[in-house]
Structures are given as structure tokens and as C-alpha cells.
Amino acid sequence: MLLYALIVFLVGACGGLVLASFVLRGKLAPWAVSLLHAMLGATGIILLTTAILPDNVGTLPIIALCVFLVTAGFGFYLASMHYGKRVAMKKVVLTHASFAITGALLLIAAVVMH
């Protein structure tokens, strides 16, 4: 289940790169990409939570989940900016991306070690 969560997060990251490319150029991204990115992130969090609950998977997946939850908080803020038809601040986008990358690296380590 950890591997499935990782795959979903990595596919979602592709959408995140598209979204970031728009914001970093000062443009609003397409809503469809934003919604797909959010759905993949939520699905990854659900899969990761599902993997953690019944099994003794160790500490790394739990830390990764916490990091992804913080990432989601930044994502909600960015979505609210997008919904208000305002281009988000670049530093918030980069912070969101930094947390996402950190979570992904922790999850990759957890998958490799599991």
C-alpha cells in the first residue's frame, strides 16, 4: 500500500509542476489541473493513512504522512488564492513544493526499507 501511495503522490507531483510553472510565470493555472492535483494528493493521503493504520510500518511513513498533511494545508491556501482568481505568492508555492518533496523522499525511503 505504501508503494501505491507513493505512485499516486508522484503522479500528482507532475500536475504540481504544471501548476507551479504557471504561477512562477505570474499566470493562473487551469482549474482542471488544479483539481486533479488536489484529488491525487488527497488520494495519496488516504492510501498512506490506510497503509499506516493496520500495519506496523515504522516511523518514516508516519512522518511522511505528517509532512504531507502540512503540504495539504499549504495546498488549501493556494487553492483559495486560485479560487479568488489571484496568482499565489511564489514563496508559498515553493514552500508547498518543498514540503511535498520532503514527504515524497521520506515515503521513498520507507518503501525501500519496507
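Leaving aside its neighbours within four places in sequence, which residues is L47 in contact with?

## Helix α2 and the start of the chain

In this predicted model, L47 is in contact with M1, Y4, A5 and V8 once its neighbours within four places in sequence are set aside. The residue itself belongs to helix α2, and its C-alpha atom is 9.4 Å in space from that of L3, although L47 and L3 are 44 residues apart in sequence.

Two of the residues that L47 touches, M1 and Y4, also appear in a nonpolar patch on the surface, which is formed by M1, L3, Y4, I7 and V11 and has about 500 Å² of accessible area together. Y4 lies in helix α1, which comprises residues 2-24, and with a relative accessible area of 55% Y4 counts as exposed, because the cut-off for that class is over 50%.

## Helix α1

The 23 residues of α1 should span 33 Å at 1.5 Å a residue, and the end C-alpha atoms are 31 Å apart, which agrees with that expectation. After α1 comes G26, a residue whose phi is positive, near 80 degrees.

The buried residues of this helix are L2, A5, L6, V8, F9, G12, G15, G16, L19, A20 and V23; of these, A5 and V8 are among the contacts of L47 described above. What covers the buried residues of α1 includes α2, α3 and α4.

## Helix α3 and its contacts

Helix α3 runs over residues 59-83, and T71 is placed within it. T71 counts as buried because its relative accessibility is 6%, whereas the class takes in values under 20%. Apart from neighbours within four places in sequence, T71 is in contact with H96, F99 and A100, and for A100 there is also a polar pairing, in which a polar atom of the T71 side chain lies 3.4 Å from the backbone nitrogen of A100.

G73, also found in helix α3, counts as partly exposed at 38% relative accessibility. H96, one of the residues that T71 touches, is 23 residues from G73 in sequence and 8.6 Å from it in space, C-alpha to C-alpha.

Further along α3, S80 counts as partly exposed, with a relative accessibility of 39%. A polar atom of the S80 side chain lies 2.6 Å from the backbone oxygen of Y77, while the C-alpha atoms of S80 and L2 are 30 Å apart in space, these two residues being 78 apart in sequence. H82, likewise in helix α3, counts as buried at 9% relative accessibility, and, not counting residues up to four places away in sequence, H82 touches L28, A29, P30, W31 and S34.

## The loop between α3 and α4

K85 lies in the loop between α3 and α4, where at 66% relative accessibility this residue counts as exposed. Its backbone deserves separate mention: phi of K85 is near 60 degrees, a positive value in a residue other than glycine. Most residues other than glycine have a negative phi.

## Helix α4

Helix α4 covers residues 90-113, and its 24 residues reach 34 Å from the first C-alpha to the last, close to the 34 Å expected at 1.5 Å a residue. Within this helix, V92, V93, H96, G103, A104, L106, L107 and A110 are buried, and the buried residues of α4 pack against α1, α2 (31-52) and α3. H96, which is one of these buried residues, is also one of the residues in contact with T71 of α3.

A109 is another residue of helix α4, and at 28% relative accessibility A109 counts as partly exposed. A109 and H96 are 13 residues apart in sequence, and their C-alpha atoms are 20 Å apart in space.

Definitions and conventions: Residues are numbered from 1 along each chain as its sequence is written. This is a predicted model: local features need pLDDT of at least 70, side-chain atom pairs count only at pLDDT 80 or more; totals for chains, interfaces and linings use all residues. Side-chain values use heavy atoms; hydrogens and water are left out. Helices (H or I, at least four residues) and strands (E, at least two) are DSSP runs, numbered from the N terminus. Buried means under 20% relative accessible area, exposed over 50%, partly exposed in between (1.4 Å probe, protein chains only). A polar contact is a pair of N or O atoms within 3.5 Å; within protein, one must be able to donate a hydrogen and the other to accept it, and residues adjacent in sequence count only if both atoms are side-chain atoms. Contact means heavy atoms within 4.5 Å. Patches are made of residues with over 30% relative accessible area and no salt bridge: like charges are joined within 9 Å, nonpolar side chains (Val, Leu, Ile, Met, Phe, Trp, Tyr) within 5 Å. Accessible areas come from the Shrake-Rupley method with a 1.4 Å probe; for residues, only the protein chains shown count as cover. A salt bridge is a side-chain nitrogen of Lys or Arg within 4 Å of a carboxyl oxygen of Asp or Glu. The expected span of a helix is 1.5 Å times one less than its number of residues.
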